[in-house]
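Good morning, colleagues. Please bring the sequence and the structure up on the screen, and I shall begin directly with a single residue before widening the view.

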Amino acid sequence: MCRLFGLSSAPLRTRATFWLLDAPDSLSRQSHRDPDGTGLGRFTADGTPCVDKAPIAAYRDRAFAEEARQDESATFIAHVRYASTGSLDMRNSHPFEQDGRLFAHNGVIEGLDALDDHLGKDRSLVRGDTDSERLFALITRETRRNGGDVTEGIRQAARWSAANLPVFAMNLILITPRELWALRYPDTHELYVLERPAGGQHGSRHLDHSGSNGRMRVHSASLAEHPAVIVASERMDDHSDWRLLEPGELLYVGSDLHASRQILLPAPPGTPAHPRRPASRCGRTQKAA
């Protein structure tokens, strides 16, 4: 399963250190478990999006994923991709950037020909082959149509997809320089949120999260003194306040770090998808037309 991570410390710009592939494994285990892409997204002080990513595979250089990246931003997004179909290509690695926003997705959406038809000329936003980037393009199109309202863009895109496409999972995180959105839909994969006070559970500790599978680790000394909101595919420490998002729940974290939530999609998908190996898929691809 792919791993998603998002962090907001807005309006404070936080320095954080990311390891996206931190656990040592034997070579035999690497050949089966190495990710098919790793990526980290954040914003410069003037709001310019920056993305570091690579299509890492077991037979390729692991240096990109193993090196720690130390960056400063008010919002971050990180992603480790596992794919069972399609090419391992930089274009297909998350996160994606459109209209100055960054996006990552954990799930499978089928019926891509129908989605392409619905996108029409806005299919030009898509540079790769994944369902994930197509979903992002639909969100971008609907956001433009609604005067830049990202919440409404996600609402329109997610509801259309759930009603018209076979959907296995549609967990996503989207960030701007000072805002964060996260959607869990339906209940296929988990997505957690932690509204972390300064210093965490004990009031004096820096942030040091490590996923149970060792594929992602995040450290921030700044968050010993400042609060943050964190979204992740799994609980990344023993803090008691991790909360599982409800199926269909959209989380919004504003530029003042205030978090609000709503049930965006109360019903399951109209046509559930049933991939043969759902646990291994994220950002499913098809051959470009």
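Threonine 14 is found in strand β2, which covers residues 14-19. I should say at once that the model is predicted. Is threonine 14 buried or exposed? Its relative accessibility is 0%, and because buried means under 20%, threonine 14 counts as buried. Its side chain makes a polar contact of 2.4 Å with the side chain of serine 9. If we set aside neighbours within four places in sequence, the residues in contact with threonine 14 include Asp71, Glu72 and Ser73, as well as Phe76, Ser220 and Leu223.

Let me now place β2 in its sheet. This is an open sheet of 4 strands, in the order β5-β2-β13-β12, with antiparallel pairing. The edge positions are taken by β5, residues 69-73, and by β12; each has a single partner strand, so one side of each is left without a neighbour in the sheet. From one strand to the next, the twist averages 20°.

As a general point, strands of a sheet pair through backbone hydrogen bonds, in either a parallel or an antiparallel sense. Here, β2 and β13 are antiparallel and pair over 3 bridges, and within β13 arginine 217 stands opposite tryptophan 19. On the other pairing of β13, strand β12, residues 207-210, is joined to β13 by 4 bridges, again antiparallel. Histidine 209 has valine 218 of β13 as its bridge partner.

Which side chains of β13 point to the buried face? In this strand, residues 217-220, Val218 and Ser220 point to one face and are buried, whereas Arg217 and His219 point to the other and are not. In general, the side chains of a regular strand alternate between the two faces of the sheet.

I turn next to the nonpolar cores. In soluble globular proteins, nonpolar side chains tend to be buried together. The largest core in this model has 30 residues, and those with the most contacts inside it are Phe103, Ile139, Ile154, Met170 and Leu183. At least two residues each are supplied by β8 (101-109), α3, α4, α5 (150-164), β9 (166-175) and β10 (180-184). Which element supplies the largest share of this core? That is α5, with 6 residues. For isoleucine 154, leaving aside neighbours within four places in sequence, the contacts are Ile139, Trp181, Leu183, Leu250 and Leu264. There is also a second, separate core of 20 residues, which includes Phe5, Leu7, Val218 and Ala232. Val218 is thus familiar to us from the buried face of β13.

My last topic is charge pairing. Side chains of opposite charge can pair when their charged atoms come close. How many salt bridges does the structure hold? The number is 17.

Consider aspartate 116 and arginine 134, which form a salt bridge with their closest N and O atoms 2.8 Å apart. This pair links distant parts of the chain: aspartate 116 belongs to helix α3, residues 112-119, and arginine 134 to helix α4, residues 131-145, with the two positions 18 residues apart. Both partners fall under the 20% limit for buried residues: aspartate 116 is buried at 17% relative accessibility, and arginine 134 is buried with a relative accessible area of 1%.

A further salt bridge joins arginine 141 to glutamate 142, where the closest N and O atoms are 2.8 Å apart. Arginine 141 is buried, with a relative accessible area of 4%, and glutamate 142 counts as buried at 9%. Glutamate 142 also meets arginine 145 in a salt bridge of 3.5 Å, N to O. These two residues are separated by about one helical turn, because they lie 3 residues apart in helix α4. In contrast to its partner, arginine 145 is exposed, with a relative accessible area of 58%. Through shared partners, salt bridges join Asp99, Arg101, Lys121, Asp122, Arg141, Glu142, Arg144 and Arg145 into one network.

That concludes my presentation, and I thank you for your attention.

Note on methods. Residues are numbered from 1 along each chain as its sequence is written. This is a predicted model: local features need pLDDT of at least 70, side-chain atom pairs count only at pLDDT 80 or more; totals for chains, interfaces and linings use all residues. Side-chain values use heavy atoms; hydrogens and water are left out. Buried means under 20% relative accessible area, exposed over 50%, partly exposed in between (1.4 Å probe, protein chains only). A polar contact is a pair of N or O atoms within 3.5 Å; within protein, one must be able to donate a hydrogen and the other to accept it, and residues adjacent in sequence count only if both atoms are side-chain atoms. Contact means heavy atoms within 4.5 Å. A salt bridge is a side-chain nitrogen of Lys or Arg within 4 Å of a carboxyl oxygen of Asp or Glu. A nonpolar core is a set of buried Ala, Val, Leu, Ile, Met, Phe, Trp, Tyr and Cys residues joined through side-chain atoms within 4.5 Å. Two strands pair if DSSP finds at least two bridges between them. Axes are lines fitted to C-alpha atoms, for helices over the stretch in contact, and angles run from 0 to 180 degrees between N-to-C directions.
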